[in-house]
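User: Please take a close look at one part of this model, the contact between the chains, and then set out how the chain behind that contact is built.

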Amino acid sequence: MSSPAPSHASPLASLLEVNHCFLRFGGISALTDVSLRINAGELVGLIGPNGAGKTSLFNILTGVYRPTEGEILFQGRPTAGMPPHRINGLGMARTFQNIRLFGSLDVRMNVRTSFIARLRNGLLDTVRRGRSFRREEGEIHEEGTRLLSYFGLDHAASHSSRSLPYGDQRRLEIVRALATKPRLLLLDEPAAGMNPTEKEELKSLISRIRTEFGTAVLLVEHDMKVVMGICERLYVLDQGRVLASGTPAEIRGNPKVIAAYLGESHSIARHGKEVA
Amino acid sequence: MISHNSYVFRSLISLRPATARMKNPRVALAAGLGVAVVLQSCSGWIDPYSTQVILFAAINVILAVSLNLVMGETGQFSLCHAAFMAVGAYTSALLTGRVLPFLLPHSSWTGTSVASQFWFLPVLIVAGVVASLAGVIVGGPSLRLRGDYLAMVTLGFGEIIRVLLQNTDVVGGSRGMEGILPVTNLFWAVGCSALTLYTMISLVRSTYGRGFQAVRDDEIAAAAMGIDTTRFKVTAFVIGAFFAGVAGALYAHAVEFISPEGFNFLRSFEIIVMVILGGLGRPVGVAIAAVLITLLNEWLRDLSQYRMVVYALIIILFMIFRPTERLAPCLRSLRGLLPGAKKAPTAP
């Protein structure tokens with residue numbers, strides 16, 4: 001079941017491959033025959049009207065749901081049905097549409113939770129608090145501080161995460177996800193609720209993530225200015241199907257996409273199969 | 001100015017001090033063990049009644065602080081803490097009453113003898129291990145459940161243990177076991193509670209320990225950050241059960257008599273009250289609450305039939321004003337005022 005997507009004669013398999021995935025809840029189809037691929041270091045956008053299945057796709061990628069049918073390969077390994085923490089361990093991290101920070105922990109501790117899965121010291125070492133434990137805690141503290149100051153959150157390191165302004169909460173979620181050292185970062189509507197200045201900052205932040213951390217990004221976003229401005233490739237989802245994919249310019253001119261967004265003609269949208 | 005004041009106010013009342021700095025709590029452990037030794041060496045001057053109250057307070061501290069890891073830190077509602085205590089109590093009573101006398105010369109087998117004191121440590125550990133095995137058995141399958149369902153399973157488990165004990169003749173059935181050696185003394189009880197408190201505080205104030213709180217705050221986000229949520233929940237449950245088992249062993253060898261009724265649902269509930277009053281997720285507050293409730297129980301003995309009325313009333317007032325929850329941060333900020341103490345950084 002090899003994917004028909006064009007490869008640039010590169011021996012490297014793509015970072016993420018989704019092959020013919022379906023997700024059904026009883027009689028309702030959330031995703032129908034979705035296929036997509038993301039290469040290492042790529043910045044890919046995922047757009048679509050409300051209810052198109054963007055978050056459902058995120059959820060099958062990250063293991064919150066298991067796809068009813070189909071195959072997901074992350075770095076060549078099948079991940080369908082794996083629990084979320086193991087998928088994260090393979091190098092996929094995400095943020096959430098409705099911010100999910102750890103409310104009782106301060107900003108620094110929120111970032112620190114991302115290091116738990118990779119701790120060298122176990123339970124007994126933690127209770128004993130030996131030298132190796134203290135060294136590791138120190139390393140984590142430093143790395144967390146570095147990440148926070150890189151994203152301009154160091155001034156708030158000891159604040160409660162709930163007390164942060166909205167834009168900072170979104171940024172903290174991104175920092176927390178990045179702290180797990182992902183190869184692929186999934187951002188679920190990071191610009192939601194941000195003002196124009198914050199959106200501009202977000203755009204440069206996402207580009208920086210890519211250049212400096214070498215992380216591929218899959219970005220779900222409603223704000224076309226953000227998506228069109230920074231993504232190299234786009235996938236358009238509508239009613240659980242991939243309606244179109246291509247460069248921002250191609251997508252902008254695609255009549256099916258326009259129809260889906262403007263709701264002009266349902267017949268086109270519904271019959272729209274995957275367009276390469 | 002106002003915002004600064006309000007920050008101070010909030011940090012006194014509810015906000016965890018931003019400076020949950022990773023100080024080594026070993027100093028506190030050494031102090032706790034020191035107190036245990038001093039109390040034990042002064043035990044001749046402490047009257048038996050006060051001794052017993054201190055023993056109960058220390059045992060309740062162990063129970064409440066260990067349940068706090070499950071309920072307060074990890075956010076799992078467990079209603080069977082007394083059952084784990086029962087497992088520890090019966091295990092240890094069987095060991096000291098039936099097993100060890102066969103292995104050791106009988107003459108040395110009294111509560112205060114060196115041999116029994118020496119053998120009490122392994123007995124405590126075995127009691128804890130057996131109780132934590134019970135924790136694995138209950139927690140393994142049921143911690144995949146959430147909230148109400150977990151509460152129901154643990155409630156059921158508590159009852160199963162009680163009924164099992166009631167119908168097992170080896171442990172005396174519903175008559176219970178009597179004549180248990182009074183090995184528990186101030187050293188063991190206070191020492192174990194210091195050790196429990198140390199374990200819990202050092203566990204929680206570490207990167208590893210933040211995993212428990214992450215699971216409590218948001219399981220989905222925790223899993224997405226690579227945290228094995230089920231494993232963290234089971235770990236909390238098993239550690240909690242271990243210390244409950246130790247507390248049970250201490251209890252059995254302090255009161256010299258145990259029966260299944262002593263470990264019923266109400267006992268579990270009493271521990272839950274301590275955890276809630278102490279402020280879920282605040283080990284020091286929970287320990288203070290455990291001591292206060294033990295003392296309250298004693299003070300109210302004289303009221304005979306009005307006892308439960310007053311008890312309930314005080315609990316309600318406690319719930320409204322939550323004094324213990326405020327006490328721990330106050331102590332911490334007092335410590336900051338001491339000369340030589342490094343001043344905690346405050347928010348801008």
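**The contact side and the sheets of chain A**

Analyst: In this predicted model, 34 residues of chain A are in contact with 31 residues of chain B. On the chain A side, the elements that give two or more residues are the helices α2 (84-90), α3 (107-112), α4 (123-128) and α5 (131-150). Of these, α2(A) provides the largest share, namely four residues. By residue class, the side of chain A that touches chain B comprises 14 nonpolar, 13 polar and seven charged residues.

The description now turns to the sheets of chain A. Six strands make up an open sheet of mixed pairing, ordered β6-β7-β8-β3-β9-β10. At its edges are β6 (92-94) and β10 (241-246) of chain A, each of which pairs on one side only. Between neighbouring strands of this sheet the average turn is 20°, with direction ignored.

Within this sheet, β7 (residues 184-188) and β8 (residues 216-220) of chain A run parallel and are joined by five bridges. One residue pair can be named here: L187(A) has L219(A) in β8(A) as its bridge partner. In general, the strands of a sheet pair through backbone hydrogen bonds, in either a parallel or an antiparallel manner.

Two helices are to be placed against the six strands. Helix α7 (residues 196-213) of chain A lies across β3, β7 and β8 of that chain, and its direction makes an angle of about 155° with β8(A). Helix α1 (residues 54-61) of chain A lies across β3 (43-47), β6, β7, β8 and β9 (233-238) of chain A, running at about 145° to β7(A).

Helix α1(A) also leads to another sheet, since it lies across β1 (16-25), β2 and β4 of chain A as well, at about 65° to β2(A). Those strands belong to an open sheet of four strands with antiparallel pairing, in the order β2-β1-β4-β5 (chain A). Here the edge positions are held by β2 (28-38) and β5 (77-78) of chain A, each pairing on one side only. The edge strand β5(A) is paired with β4 (residues 69-74) of chain A in the antiparallel sense, over two bridges. Across this pairing, F74(A) stands opposite R77(A) in β5(A).

In summary, α1(A) lies across strands of the six-stranded sheet and across strands of the four-stranded one, while the side of chain A that touches chain B draws two or more residues from each of α2, α3, α4 and α5 of chain A.

Terms used: Residues are numbered from 1 along each chain as its sequence is written. Chains are lettered from A and ligands numbered from 1 in the order in which they are written. This is a predicted model: local features need pLDDT of at least 70, side-chain atom pairs count only at pLDDT 80 or more; totals for chains, interfaces and linings use all residues. Two strands pair if DSSP finds at least two bridges between them. Axes are lines fitted to C-alpha atoms, for helices over the stretch in contact, and angles run from 0 to 180 degrees between N-to-C directions. Two residues are in contact if their C-beta atoms, placed from the backbone, lie within 7 Å. Ala, Val, Leu, Ile, Met, Phe, Trp, Tyr, Cys and Pro count as nonpolar, Asp, Glu, Lys and Arg as charged, and the others, Gly among them, as polar.
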